[in-house]
Amino acid sequence: MKPQDAYLALDRMTVAIVDDNAAMRGILRTILNAMGAPRIYEAGDVRAAMDILQHEHVDLLICDWKMEPVDGIALVRWVRDPRKSPCPTLPIIMLTCYAEVERVKIARDAGVTEFMVKPFSPESIYQHISAIFKKPRRFVDSDSFFGPDRRRKVDSHADEERRGA
């Protein structure tokens, strides 16, 4: 990662960090500041995060999964609910210690944009942020899901009739 690349990606961005661990928020803030992010909000719980998201413009949300009394998945579900959230298309990075495939599926199905497992590096943070903004995924709005398209592969047959004649 070139420092100027990170700066260009983040220099106008407002980021909200939600983690009940103040030290983790501090680490993330330091990394994001070094990458050029000028405005960073911090919340130690979901209620504080919801308050920030209701009153401030935020371009990226980075949240932990395990928090009390309400977890990060509940926050993601609230953000993705267009009837409740002021920012249902907000990019969300879920940062967690949970690496099990089932947890990744739960996060994906809740509407997480990117999923990162702790420990992380500044490079991995940059790569996930870059993926969000350089290759944005379209949003799906159906009866059972609102969020970024869960499919990451490009389907070369997307516009073709694929059924046999």
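**Exercise 1. Find how many salt bridges a search of the whole structure gives, and examine the pair Arg-29 and Glu-42.**

Solution. Start with the total: searching the whole structure yields eight salt bridges, each being a side-chain nitrogen of Lys or Arg within 4 Å of a carboxyl oxygen of Asp or Glu. Before going on, note that this is a predicted model, where local features need pLDDT of at least 70, side-chain atom pairs count only at pLDDT 80 or more, and totals for chains, interfaces and linings use all residues. Residues are numbered from 1 along each chain as its sequence is written, and side-chain values use heavy atoms, with hydrogens and water left out.

Next, take the pair itself: the side chains of Arg-29 and Glu-42 form a salt bridge at 2.4 Å, N to O. Then place the partners: Arg-29 lies in helix 2 (residues 22-34) and Glu-42 in strand 2 (residues 39-43), so the pair links distant parts of the chain, 13 residues apart. Helices (H or I, at least four residues) and strands (E, at least two) are DSSP runs, numbered from the N terminus.

**Exercise 2. Buried or exposed: how do Asp-81 and Lys-84 compare with the classes of accessibility?**

Solution. First recall the classes: buried means under 20% relative accessible area, exposed over 50%, and partly exposed in between (1.4 Å probe, protein chains only). Asp-81, at 10%, is buried. Lys-84, at 55%, is exposed. Finally, connect them: Asp-81 and Lys-84 form a salt bridge with their closest N and O atoms 4.0 Å apart.

For practice, return to Exercise 1. Arg-29 has a relative accessible area of 28% and is partly exposed, and Glu-42 is partly exposed at 31%.

**Exercise 3. Work out the strand order of the open sheet and name its edge strands.**

Solution. Begin with the order: five strands form the open sheet as 2-1-3-4-5, with parallel pairing. Two strands pair if DSSP finds at least two bridges between them. The edges are strand 2 and strand 5 (114-117), each pairing on one side only.

Now look at one pair in detail. Strand 1 (residues 14-18) runs parallel to strand 2, and five bridges join them. Ile-17 has Glu-42 of strand 2 as its bridge partner.

Last, add a helix. Helix 3 (residues 46-55) packs on the sheet and touches strand 1, strand 2 and strand 3 (60-64), where contact means heavy atoms within 4.5 Å. The direction of helix 3 makes about 145 degrees with that of strand 2; axes are lines fitted to C-alpha atoms, for helices over the stretch in contact, and angles run from 0 to 180 degrees between N-to-C directions.
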